[in-house]
Amino acid sequence: MRSSGAGASGEYDPFSPEVLEDPASAHRALRAGCPVHHHAGFGEKGFYTLSRHADVAEFFGDWRLWSSEWGQGPIYTREGGLKSDPPEHTVYRKLVTSAFTARRTAALEDWITATAAGLIDGFAQDGRADLCESFAIPLPVLVIAKILGVPAADREDFKDWSDQFMAGQNAADPAVQGAARAKIDAYFGAILAQRRETLAARGPEALPDDLLTALLTAEHDGRPFTDEELLPLILLLLVGGNETTTSLIANAVWRLLSLGLWDEVRSHPESVDAAVEESLRYDPPVLGLYRTNTRPVVLHGVEIPERSKAHGLYASANRDPEAWDDPDTFRLDRDVADLRRRHLSFGVGRYLCPGAALARLEARISLRLLGERLPGLRLDGEPVRVDSFMMWGPASLPIAWSR
């Protein structure tokens, strides 16, 4: 994940090794010379890329023009649920946000802290570890497993399925991603079936008090939700609840250590919030998402035909010099409230990530505990990038510390 530079804006290929290694340089070239770029080398029609902050914010804010109905990835697919437009999106968002209220999130703090401390205890005496494997991967999986109400013992399966699903975003063939999704759907479909049997035989009081039960027993227009409606929502919660938070934690530690800022944050706990928000701005776990236009659009002189796929780059918008002072410098002196209001890493408007507060909480707890428990923390090798052109973060982050 070292800086290697990228080609000129007209040569932008989001799948090239140069761009995967150093997306920020490629995004800088796009903003300056090609703010609306067409990449023809994907599928039959290719896709367009938007890179400037004002364009990306408007893109994600106008769902009537830029629709989610054909999927939020580069493949044309109907996923439904939270990956749809209002009014369907509104129904599912209301269903999910009940699990991520400020009260419910705050109530998890002690449990997350104890769980994170237990993970650190498992490797603290070793003197070195892969932060991702030992901590940043298992923590968010354990958290989302608890919220969903499924066994923590299945966390390795969750991670494998999520990795396979996200890696499938790179493929133009929907079957690649579909194979990973089938495993997730089969697992949760079986749990939903078991709980429906329990509900019919013994009533709702016999079911666990968790998100799966809440989803199973919820109703819309006087009827319960079907598996076809619930499984895409569970998939989104599973992938969004662990992949992105893993990257947030690993990205923050990586940048703070590589830039010599770790000790400052460790010795000044009040700066943890700033470190988390600046990490989100500087290294968003999701580089960007897709929409499909419902009518022809002309933007910066480029005609985008109706029903084209377009990629709004959160990562590029977050470093646009028209929106940020000194955007390519990771700084702890930025205003936290301003960062939260203007970086796009958790989405925009009605599509703002419902689990944003939970991800921030996990990241704050992680930075604090790692600083307390691992004295002299340092990098112990080069990180290895996650295998997804839509995600940004280490899949492996070697660290060492004083025992």
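Start by selecting cysteine 132: this residue is buried, with a relative accessible area of 0%. Keep in mind as you click around that you are looking at a predicted model.

**Stop 1: the cysteines**

Which cysteine sulfur is nearest to that of cysteine 132? Select cysteine 353 and you have it, but its sulfur is 19 Å away, and cysteine 132 is in no disulfide. Sulfurs have to lie within 2.5 Å to count as a disulfide, and the count for this structure comes to zero. Now hop to cysteine 34, which is buried too, at a relative accessible area of 17%. The cut-off for buried is under 20%.

**Stop 2: zoom out**

Show the whole chain as a cartoon. You should find 17 helices and 14 strands. The radius of gyration is 21 Å, close to the 22 Å that the globule rule gives for 403 residues, so the chain is as compact as a globular protein of that length. Rotate the C-alpha trace onto its principal axes and the spans are about 65 × 60 × 35 Å. Colour by accessibility and buried residues come to 57% of the 403. Contacts reach a long way along the sequence as well: among those between residues at least 6 apart, 69% join residues at least 24 apart.

**Stop 3: strand β7**

Next, select residues 288-293, which make up strand β7. How many of its six residues are buried? Six of the six are, so to speak, under cover. In a regular strand, side chains alternate between the two faces of the sheet. Turn β7 to see this: Gly288, Tyr290 and Thr292 sit on one side, Leu289, Arg291 and Asn293 on the other, and both sets are buried.

Now add the strands that pair with β7. Residues 66-67 are strand β3, which runs antiparallel to β7 and is joined to it by two bridges. Click serine 67 and look across to its bridge partner in β7, threonine 292. Then select residues 309-313, strand β10, also antiparallel to β7 and joined to it by five bridges. Here, leucine 289 stands opposite glycine 312.

**Stop 4: charges over rings**

Stay with β7 and show the side chain of arginine 291. Its charged end sits over the ring of tyrosine 351, 4.9 Å from the ring centre. For another example, show lysine 309 and tyrosine 76: the charged end of the lysine sits over the tyrosine ring, 5.3 Å from its centre.

**Stop 5: the aromatics**

Select every Phe, Tyr and Trp. A search of the whole structure turns up 14 aromatic pairs. One of them is phenylalanine 15 with phenylalanine 42, stacked at 5.6 Å centre to centre with 10° between the planes. Phenylalanine 15 lies in the segment before α1 (17-21), and phenylalanine 42 in the loop between β1 (36-39) and β2 (47-50), so this pair ties together parts that are 27 residues apart in sequence. Buried or partly exposed? Phenylalanine 15 is partly exposed at 22% relative accessible area, whereas phenylalanine 42 counts as buried at 7%.

For an edge-to-face pair, go to tyrosine 187 and phenylalanine 188, whose ring centres are 5.0 Å apart with planes at 85°. Both tyrosine 187 and phenylalanine 188 are buried.

Finish by selecting Phe15, Phe42, Phe47, Tyr290 and Phe389 together: ring pairs link them into a cluster. Tyr290 brings you back to β7, where it shares a side with Gly288 and Thr292.

Methods:
Residues numbered from 1 in each chain as written. Predicted model: local features only at pLDDT ≥ 70, side-chain atom pairs only at ≥ 80, totals over all residues. Heavy atoms only, no water. Buried < 20%, exposed > 50% of the residue type's maximum accessible area, 1.4 Å probe, protein only. Helix = DSSP H or I, 4+ residues; strand = E, 2+ residues; numbered from the N terminus. Pairing = 2+ DSSP bridges. Phe/Tyr/Trp six-rings, centres within 6.5 Å; stacked < 30°, edge-to-face > 60°. Lys NZ or Arg CZ within 6 Å of the ring centre and 35° of its normal. Rg over C-alpha atoms; globule rule 2.2 N^0.38 Å. Contact = heavy atoms within 4.5 Å.
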